[in-house]
Amino acid sequence: MVSNYGISKDDERIIGKADGIKEVEYGYFKDVVISGTDRSMRIYSKPDAVSTYDVTEGRLPKRTGEIALDMKERDRFAVGSTLNVTEKTDIAGGTVLRHHKFTVVGFVRASETLSCLNMGQSAAGGGELKGYAVAVPGEFDSDVKMIARATYEDTEGLDYWSAEYRDAVQKHKDQLVTLLANQPKAREATIRSQQRKKIDEAKDKVKTSKQQLADAQRQLDDAKQQIDNAKDQLSEGSAEAVEEGSATAA
């Protein structure tokens with residue numbers, strides 16, 4: 001289950017109600033473009049137990065700034081080489097990845113991706129995902145997860161290519177679609193509310209700043225008036241002194 005706008009705690013609660021779930025693991029992902037190309041790639045966070053990766057060369061990443069690539073990228077990169085990516089900003093101008101320059105530490109096969117044909121579409125690059133990669137969860141600066149991976153009791157041990165497996169999975173998909181049917185609108189409302197709060201806070205800051213500027217201007221005006229008054233007093237005092245001096249001389 002994936003969501004570009006994030007899987008909320010309420011989504012997690014609903015997913016947990018699904019029948020027959022054995023284990024659920026939540027993670028992150030972000031679609032990027034390999035710099036200098038139009039090849040889009042989806043970077044996943046490294047899972048602990050569900051949909052793990054088979055390392056074909058090197059190792060899995062252990063820290064931020066490290067990445068393991070789809071083994072199909074072996075002809076373009078090597079262990080120890082550098083991968084530069086570009087990330088499209090969100091509507092607020094922010095990004096998810098903490099780094100856009102990675103050191104390649106290994107090559108992997110993903111258990112959930114048989115080929116690029118079932119990877120899907122992307123808003124990055126040419127519009128179609130051409131590969132995948134894996135980084136540590138700490139690489140993702142996000143308050144919400146983007147992907148939920150679930151295993152079920154009744155699919156364990158079944159042949160992936162069998163009709164029995166396909167029917168069982170479809171049954172679970174149908175239930176999840178029903179359970180999560182109202183969540184997109186709820187998630188949209190939450191995001192709008194959060195953004196509205198930020199806008200209101202920004203307006204309050206602007207209002208406060210304007211008031212501070214007005215107060216400062218008023219203080220300047222008062223200070224100028226005091227200076228003008230002082231000048232007038234000095235001028236009057238000088239005139240009186242001249243008159244007194246003339247009288248004394250006379």
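Begin by selecting strand E10, residues 145–152, together with E2: in this predicted model, the two strands pair in the antiparallel sense over 6 bridges. To see one position of this pairing in detail, pick out Val-24, which stands opposite Ala-150 in E10.

Now widen the selection to take in strand E1 as well, and you will have an open sheet of 3 strands, which run in the order E1-E10-E2 with antiparallel pairing. The edge strands of this sheet are E1, covering residues 2–7, and E2, covering residues 21–27, and each of them pairs on one side only. If you turn the view while following the sheet across, look for its twist, which averages 40 degrees from one strand to the next.

Leave that sheet and select strand E9, which spans residues 129–135. Is this strand mostly covered or mostly uncovered? Strand E9 is mostly covered, since 6 of its 7 residues are buried.

Keep E9 on the screen and add strand E4, residues 40–45, which pairs with E9 in the parallel sense over 6 bridges. Within this pairing you can select Arg-42 and look across to E9, where Tyr-132 stands opposite.

Finally, add strand E6, residues 66–70, to the view. Which sense does the pairing of E6 and E9 take, and over how many bridges? Strands E6 and E9 pair in the antiparallel sense, over 2 bridges, whereas E4 and E9 pair in the parallel sense. As a last stop, select Ala-68 and find Val-134 in E9, which stands opposite Ala-68.

Conventions:
Residues are numbered from 1 along each chain as its sequence is written. This is a predicted model: local features need pLDDT of at least 70, side-chain atom pairs count only at pLDDT 80 or more; totals for chains, interfaces and linings use all residues. Side-chain values use heavy atoms; hydrogens and water are left out. Buried means under 20% relative accessible area, exposed over 50%, partly exposed in between (1.4 Å probe, protein chains only). Helices (H or I, at least four residues) and strands (E, at least two) are DSSP runs, numbered from the N terminus. Two strands pair if DSSP finds at least two bridges between them. Axes are lines fitted to C-alpha atoms, for helices over the stretch in contact, and angles run from 0 to 180 degrees between N-to-C directions.
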